[in-house]
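Trainee: I have a new model open and would like to walk through it with you. Could we take it one question at a time?

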Number of protein chains: 2
Amino acid sequence: MTSPMFDRIALIGIGLIGSSLAQVIRQEGLAGHISVSTRSEATLARAEELGLGDSYALDAAEAVDGADLVILCVPVGAYESVAKWIQPVLKPGAILTDAGSTKGSVVEAVMPHVPKGVHFIPGHPIAGTEQSGPDAGFPALFQNRWCILTPVEGTDPLALEKLSAFWRACGSDVDTMEPDHHDRVLAIVSHLPHIIAYNIVGTADDLETVTKSEVIKYSASGFRDFTRLAASDPTMWRDVCLNNKEAILEMLSRFSEDLASLQRAIRWGDGDKLFDLFTRTRGVRRSIIEAGQETDAPDFGRIKTEPQSRS
Amino acid sequence: MTSPMFDRIALIGIGLIGSSLAQVIRQEGLAGHISVSTRSEATLARAEELGLGDSYALDAAEAVDGADLVILCVPVGAYESVAKWIQPVLKPGAILTDAGSTKGSVVEAVMPHVPKGVHFIPGHPIAGTEQSGPDAGFPALFQNRWCILTPVEGTDPLALEKLSAFWRACGSDVDTMEPDHHDRVLAIVSHLPHIIAYNIVGTADDLETVTKSEVIKYSASGFRDFTRLAASDPTMWRDVCLNNKEAILEMLSRFSEDLASLQRAIRWGDGDKLFDLFTRTRGVRRSIIEAGQETDAPDFGRIKTEPQSRS
């Protein structure tokens with residue numbers, strides 16, 4: 001029998017990401033021991049009920065003690081205090097990584113507290129659903145998704161390769177890039193979409209002339225798509241906004257500029273301009289489907305289509 | 001054997017909506033004869049290959065001749081010319097309706113051309129997918145969706161009831177409201193979401209610092225959700241923007257105002273404000289799921305979740 005990739009993996013935080021990691025680690029036999037930590041007693045008890053780990057601790061340091069892979073799966077706003085807390089028990093040679101949605105701020109918050117000999121390699125699996133908590137996790141979450149690693153200068157190539165192999169074993173493809181570039185990419189593909197979704201749902205919720213009941217009844221005409229992202233975890237998204245401010249503000253400003261121009265085309269009845277934009281955007285979805293990052297079923301496959309038998 | 005609800009139903013336009021109507025009309029036996037018209041030869045030939053109707057005509061007047069139900073399923077920008085064209089053959093007692101996304105402009109464009117004795121009742125089934133053309137249609141499209149009718153003053157109650165019964169037979173629930181109110185409701189639940197989706201996909205496509213390939217690879221982190229609406233039919237959506245200008249501009253202005261306030265909260269690090277908004281929007285999705293207008297599967301059911309067997 002081959003030995004597992006890691007003797008002991010510590011998961012700090014056991015929400016959607018932590019729980020999914022625990023399940024795929026178990027399924028693929030990647031760890032001799034999975035230690036789980038979260039500061040909420042109820043969540044820890046639930047993780048234990050679900051059998052997600054081999055040991056459970058409210059104290060992150062207890063879970064980290066002796067681990068050769070430590071993965072932070074808590075909202076990025078909690079990183080600095082966790083890093084300080086586990087610092088004394090991080091063992092030389094261990095890899096410390098994370099699954100957070102921002103990377104520049106993570107380097108800033110964690111780096112000063114990483115002991116010599118510990119390999120700190122920030123990471124971000126581009127995977128998730130709108131649900132949260134340990135019950136939301138499932139082992140296939142990372143399948144065919146990308147995981148971005150943002151190694152800092154001087155990172156040990158062997159540790160980087162080992163962490164990459166870990167993510168590939170979880171079903172993901174691995175890319176590496178600079179933390180700042182990651183933050184700009186994610187600002188447009190993830191952070192802006194979430195902020196826009198939260199905003200439009202808020203706008204609809206505030207109307208006086210259209211009732212909430214009408215918004216809900218007729219939501220299948222487009223609105224409901226946005227409510228999925230807008231149902232994501234509030235703590236996680238607050239922390240993303242606070243920790244990727246610069247890139248988000250840049251993307252927001254571009255978005256608003258483009259929207260003002262589109263609004264002007266609507267006001268002045270510039271049909272050609274509208275038609276050009278509405279045509280150009282079609283191709284982007286086709287590319288995403290071809291890249292295997294989206295279903296080709298109409299309406300995300302929500303509707304069961306039963307086409308008439310063809311004559 | 002009971003006779004069908006209508007002797008002859010004419011479908012003007014045979015895209016997603018017309019094709020779906022043809023199929024559910026056939027399936028439910030709602031017409032003695034289905035006549036199909038579209039001005040594109042290729043589309044008409046495809047509709048005939050699919051066996052969607054009983055007769056096919058490039059000339060809308062030919063399809064409408066003798067029909068007791070006429071449904072306009074073309075982009076709303078084409079309504080006025082179609083209405084003028086079919087005016088001479090609309091028979092007394094016939095119901096003329098449509099499936100367009102705007103209603104105030106439709107009343108304005110069509111009403112002056114409706115002969116005395118013809119019942120003009122504008123309608124809008126709140127159903128669709130991002131796909132278009134006759135191949136995109138399927139008979140279950142209207143199932144459990146709402147259809148909004150916006151009868152004008154003096155509408156014959158019997159004709160209104162007959163059209164309502166038709167939509168119920170297609171699987172829909174029926175609501176009636178004023179055209180202007182419809183346009184305001186749809187501006188927020190459908191038109192604004194589409195415009196925002198088109199806009200954000202355009203913004204992402206224009207970036208210099210993030211490549212198109214990066215946008216596509218990492219789109220599962222949120223962006224891809226928007227590409228569905230932004231893949232909708234450009235002609236239809238150009239016409240919607242041009243024909244519901246006032247309500248759309250009002251909703252856009254509210255959206256931008258709210259976004260400016262959200263942007264300010266991000267700039268100044270107002271975590272509480274962000275958290276409050278991100279929490280409030282969660283409930284809206286729950287209500288939509290409870291109302292049967294959305295799947296409760298995570299990620300729209302795109303991901304097959306295979307949770308670990310519970311211990």
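Trainee: Happy to start with a tryptophan: in which strand does W146(A) lie?
Mentor: Good place to begin, and keep in mind that this is a predicted model. The strand in question covers residues 146–149 of chain A. W146(A) therefore belongs to β8.

Trainee: Is W146(A) buried or exposed?
Mentor: The relative accessible area of W146(A) is 17%. Buried means under 20%, so with its 17% W146(A) counts as buried.

Trainee: How far apart in space are W146(A) and P125(A), C-alpha to C-alpha?
Mentor: Along the sequence, 21 residues separate W146(A) and P125(A). In space, their C-alpha atoms are apart by 6.1 Å.

Trainee: Let's zoom out. What radius of gyration does chain A have, and how does that fit a compact globule?
Mentor: Chain A contains 12 helices and 9 strands, and its C-alpha atoms fill a box of roughly 65 × 50 × 40 Å along the principal axes. For 311 residues, a compact globule would come out near 19 Å. The value for chain A agrees with that, at 22 Å.

Trainee: What share of the residues in chain A is buried?
Mentor: Here the cut-off is under 20% relative accessible area. Out of 311 residues in chain A, the buried share is 59%.

Trainee: Now charges: how many salt bridges are there over all chains?
Mentor: The rule asks for a side-chain nitrogen of Lys or Arg within 4 Å of a carboxyl oxygen of Asp or Glu. Over all chains, the count by this rule is 44.

Trainee: Which residue forms a salt bridge with R224(A), and why does the pair join two chains?
Mentor: The closest N and O atoms of this salt bridge are 3.9 Å apart. R224(A) sits in helix α9 (residues 223–229) of chain A while its partner is in the segment after α12 (271–290) of chain B, so the pair joins two chains. Both residues are buried. The partner of R224(A) is E294(B).

Trainee: How do R238(A) and D239(A) count by accessibility?
Mentor: Their side chains meet in a salt bridge, with 3.1 Å from N to O. R238(A) has 23% relative accessibility and so counts as partly exposed. D239(A), at 5%, counts as buried.

Trainee: Which residue meets R302(A) in a salt bridge?
Mentor: The N to O distance is 3.1 Å. R302(A) counts as buried because its relative accessibility is 13%, and its partner is buried too, with 0%. That partner is D299(A).

Trainee: Which residues of chain B belong to the network that includes E130(A)?
Mentor: Salt bridges that share partners build this network. From chain A it takes in E130(A), R228(A), R285(A) and E294(A). From chain B come R224(B), D225(B), D299(B) and R302(B).

Trainee: What is phi of D299(A)?
Mentor: Most residues other than glycine have a negative phi. D299(A), in the segment after α12 (271–290) of chain A, has a positive value instead. Its phi is near 60 degrees.

Trainee: Where does F300(B) lie?
Mentor: F300(B) is not a glycine, yet its phi is positive at about 60 degrees. With a relative accessible area of 2%, F300(B) is buried. Its place is in chain B, in the segment after α12.

Trainee: Last one: which residues gather in the patch of negative charge with E178(A)?
Mentor: E178(A) lies in the loop between β9 (173–176) and α7 (179–206) of chain A. At 58% relative accessibility, it counts as exposed. On the surface, E178(A) is joined in the patch by E153(A), D180(A) and E246(A).

Methods
Residues are numbered from 1 along each chain as its sequence is written. Chains are lettered from A and ligands numbered from 1 in the order in which they are written. This is a predicted model: local features need pLDDT of at least 70, side-chain atom pairs count only at pLDDT 80 or more; totals for chains, interfaces and linings use all residues. Side-chain values use heavy atoms; hydrogens and water are left out. Patches are made of residues with over 30% relative accessible area and no salt bridge: like charges are joined within 9 Å, nonpolar side chains (Val, Leu, Ile, Met, Phe, Trp, Tyr) within 5 Å. Accessible areas come from the Shrake-Rupley method with a 1.4 Å probe; for residues, only the protein chains shown count as cover. Lys and Arg count as positive and Asp and Glu as negative; His and the chain ends are not counted. The place of a charge is taken as NZ of Lys, CZ of Arg, CG of Asp or CD of Glu. Helices (H or I, at least four residues) and strands (E, at least two) are DSSP runs, numbered from the N terminus. Buried means under 20% relative accessible area, exposed over 50%, partly exposed in between (1.4 Å probe, protein chains only). The radius of gyration is taken over C-alpha atoms; the globule rule is 2.2 Å times the number of residues to the power 0.38.
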